[in-house]
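Please walk through this structure with me, beginning with one chain as a whole and ending where the chains meet.

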Amino acid sequence: MASPYTPPIQALIDEFGKLPGIGPRSAQRIAMHIVKMPREDINRLAHALTDAKDRVRYCDMCFNLSESEKCSICSDDRRDSSILCAVEDSRDVVAIERTGEFRGRYHVLQGVLDPLQGIGPEQLKIKEMFRRLAPEGITEVIVCTNPNTEGEVTALYIARLLEPLGVKATRIASGLPVGGDLEYADEITLGRALGNRRTIEI
Amino acid sequence: MSLYREKAVVLRSYKFGESDRIVVMLSENSGKIRAVAKGIRKTTSRIGARLETLSHVDVQLYRGRDLDTVRQVDLIDTHTALRINLKRLEQGLSMVEAVDKLTPDREPVPHVYTMLSRALRSLNDAASPLIVGAFYWKLLSSEGVAPALDDCVRCGSSTELCALNMQEGGILCRSCRSGTAVSDAALNILRQVSSGGLATALTLDESPAVREVNQLAMALMEAHLERKLRSVGLFDRHL
Ligand SMILES: [Zn+2]
Ligand SMILES: [Zn+2]
């Protein structure tokens, strides 16, 4: 069946359709919206796209997205250099920074171990993380990968390599979402929350 | 859309869309199923943790044209001990990986389902250095490709059996030998595994013969699959 759209619009729909979270209907809506936009808005959008591509790179130290060789967190002297938080993705850095609870530095692994999908340690930035330990005087690595099988595999793998180096390996806790009701929690999360219980300090 | 219910072991899952996952499961009666679990990656998802790899579940699904959709999940066993121990996690993943690579979609293999769910439960209850080797050997037997172990497959001799050759279809004696060398101790374990002595074999402690059987079974499994198994030895690999 031939496309009902003229080729330039069909090309636009195809490009948007490749983006994460955008289905065929959304791609059509965005494409139709774009062709109706004023010229100057289009120019600004096009510039923002190429500018982001030109100026964003990976930090040489932590592999987070950065504008320069060293990202703003790695070049901030006020951060605690002895504690490192290993995360899966740049978006996790943003999520943890929003908590305001962490004053150490990060290392973005750019994925997790997933042997069943063929992702091994060589495909991740694990080697690069181990190279940072001694020079930066890192004494603790918090493995902040997602609490699923791949995240646990990654955490156990990293902990095993850290052990002979005398660097402490810790894992982010799993538990109940704050503000929720106990009765709605699944049995695994609730079980973990019980296992990770803490003494009430008064 | 028709609704159906199955007991299943989760083999693996992968991200799909913004917050979904495709979960690959081996079910009791419908073989290997691929199903979308909607919203499973959100922290508000109630089924989230239940559909992790290695979980044993009772699941309700909508039948779709190529992909089914998960409607409800009840946990049979999450196999906690497999998730917190490096060795057992590696062993569990090694077993589900082989099953995943061996079984085609939607072709009922109830005997494989039974073997896998039993092996995972047994490994969850107690450490078992031999479990992956024994499980692979049993899988190969059920595929009809496990090597014959009784007499030399060439000359029929029952003494001085010392080598295993896949192409020849089994064990070989000293004068006919080719393929991989096999020790007497390893041959005894293999015979035990293939002739009703599985339960005893699974309680064996780590030993050179156990390691030999594991390596042998893994090599045979990889040869049969014509692919590498990535979970085997995962945590022994260095950077
Ligand atoms: Zn950085
Ligand atoms: Zn012979």
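The paragraphs below take up the fold of chain A, then the nonpolar core, and then the contact between chains A and B.

The model is a predicted one, and chain A is a convenient place to begin. Chain A contains seven helices and six strands, which follow one another along the sequence in the pattern α-α-α-β-β-β-α-β-α-β-α-β-α. Its C-alpha atoms fill a box of roughly 65 × 45 × 40 Å along the principal axes, and the radius of gyration of chain A is 22 Å, whereas a compact globule of 202 residues would have one near 17 Å. Of the 202 residues in chain A, 25% are buried. Among the contacts in chain A that join residues at least 6 apart in sequence, 44% link residues at least 24 apart.

The interior can be followed next. The largest nonpolar core comprises 95 residues, and A:A86 and B:M25 are those with the most contacts inside it. Helix α4 of chain B, residues 131–142, gives the largest share of this core, with eight residues. Leaving aside residues up to four places away in sequence, A:A86 touches A:H107, A:L109, A:M129, A:V141, A:I142, A:V143, A:C144 and A:I158.

Turning to the contact between the chains, 24 residues of chain A are in contact with 26 residues of chain B. On the side of chain B that touches chain A, β1 (3–16) and α2 (86–102) of chain B each supply at least two residues, and α2(B) provides the largest share, namely five residues. By character, the residues on this side of chain B divide into 10 nonpolar, six polar and 10 charged.

Definitions and conventions. Residues numbered from 1 in each chain as written. Chains lettered and ligands numbered in written order. Predicted model: local features only at pLDDT ≥ 70, side-chain atom pairs only at ≥ 80, totals over all residues. Core = buried A, V, L, I, M, F, W, Y, C linked by C-beta atoms within 7 Å. Buried ≥ 20, exposed ≤ 12 C-beta atoms within 10 Å, placed from the backbone. Helix = DSSP H or I, 4+ residues; strand = E, 2+ residues; numbered from the N terminus. Contact = placed C-beta atoms within 7 Å. Rg over C-alpha atoms; globule rule 2.2 N^0.38 Å. Nonpolar A, V, L, I, M, F, W, Y, C, P; charged D, E, K, R; others polar.
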